[in-house]
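The following note sets out several points for consideration by a colleague at the bench. Please read it alongside the sequence and the coordinates shown here.

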Amino acid sequence: AALHDPTKHVVVGPAPSVRVTLGECFGMPIGTNVEGKMVTALRRLGFDKVFDVDNAADFTIMEEGTEFLARMKEGGVLPMITSCSPGWVKFAEYYYPDLLPHLSSCKSPQQMFGGILKTYYAEKNGIDPKDIVSVSIMPCTAKKFEIGRDDQDAAGLADVDIALTTRELARMIDRAGIKFPYLPDEEFD
């Protein structure tokens with residue numbers, strides 16, 4: 001519905017792995033890099049902007065590195081474990097709560113992507129963050145759970161509004177009648 005709402009600015013960010021798994025859904029050889037076709041398909045589906053979550057992964061690495069160095073310098077809890085996997089975080093919360101102090105306080109790349117959209121990107125482009133719908137395309141179904149966590153918001157709004165899996169994106173492309181293998185290659189915004 002958001003893709004057809006002219007009052008919404010709908011932005012999508014696929015995870016890096018999606019570009020080498022999406023093609024399989026359309027009969028292409030396993031591991032084929034379909035980045036350009038994926039970007040084209042996302043634009044044809046109606047997304048206003050198509051960004052690469054690689055950028056947010058770099059931010060996560062830098063933030064976790066900074067946190068690790070601070071823990072080393074200040075005698076913080078070590079070893080430090082990444083908090084990028086919501087499946088792992090939930091597992092630790094349920095079964096190993098004694099490990100929680102070891103988790104990084106950083107958001108995952110998916111959540112950093114959404115947070116940047118609703119703050120920096122919104123401000124830079126003069127868009128009310130309430131009018132931005134951030135969509136992520138992820139390989140992990142636990143990312144759907146992650147977007148609903150209480151600690152995952154920017155500016156009082158959810159970082160990511162909708163998390164789709166690679167297969168869900170493939171079904172959207174198919175239902176739209178887009179002939180994926182024949183698409184030209186386009187580049188990320």
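**Notes on pockets, a buried helix and a buried glutamate**

1. The second largest pocket holds about 200 Å³ of space. This value, like the others below, comes from a predicted model. The pocket has 14 lining residues, and those nearest its centre are S83, V89, C106, D151 and Q152.

2. As to where this lining comes from, helix α3 (residues 86-95) gives the largest share of the second largest pocket, namely 3 residues. Sorted by class, the lining of the second largest pocket comprises 4 nonpolar, 5 polar and 5 charged residues.

3. The largest pocket has a volume of about 250 Å³. It is lined by 13 residues, and F51, N55, F59, F113 and I116 are the closest to its centre.

4. Which helices supply at least two residues each to the lining of the largest pocket? They are α2 (54-74) and α4 (109-125). The largest share, 5 residues, is contributed by α4. The class make-up of the lining of the largest pocket is 10 nonpolar, 1 polar and 2 charged residues.

5. Helix α1 (residues 35-45) merits separate attention. Of its 11 residues, 8 are buried, and α1 is therefore largely enclosed by the rest of the structure. The buried positions are G36, K37, M38, V39, T40, A41, L42 and L45; the charged residue class is represented in this list by K37.

6. What covers the buried residues of α1? The covering elements include strand β1 (9-14), strand β2 (49-50) and helix α6 (166-175). Just after α1, G46 adopts a positive phi of about 115 degrees.

7. The final point concerns E146, which belongs to helix α5 (residues 142-146). Is the residue buried or exposed? Its relative accessibility is 4%, so E146 counts as buried, the cut-off for this class being under 20%.

8. The side chain of E146 makes a polar contact of 2.9 Å with the side chain of S108. Beyond its neighbours within four places in sequence, E146 is in contact with P86, S108, Q110, Q111 and Q152. One of these residues, Q152, also appears among the residues nearest the centre of the second largest pocket. Another, P86, lies within the residue range of helix α3 (residues 86-95), the element that gives the largest share of that pocket's lining.

Key:
Residues numbered from 1 in each chain as written. Predicted model: local features only at pLDDT ≥ 70, side-chain atom pairs only at ≥ 80, totals over all residues. Heavy atoms only, no water. Helix = DSSP H or I, 4+ residues; strand = E, 2+ residues; numbered from the N terminus. Buried < 20%, exposed > 50% of the residue type's maximum accessible area, 1.4 Å probe, protein only. Polar contact = N/O pair within 3.5 Å; in protein donor to acceptor, adjacent residues only side chain to side chain. Contact = heavy atoms within 4.5 Å. 1 Å grid on protein atoms, 1.4 Å probe; cavity = no way out; pocket = protein on both sides within 12 Å on 5 of 7 lines; lining within 4 Å. Points joined across faces, edges and corners; volume = space filled by probe spheres on them.
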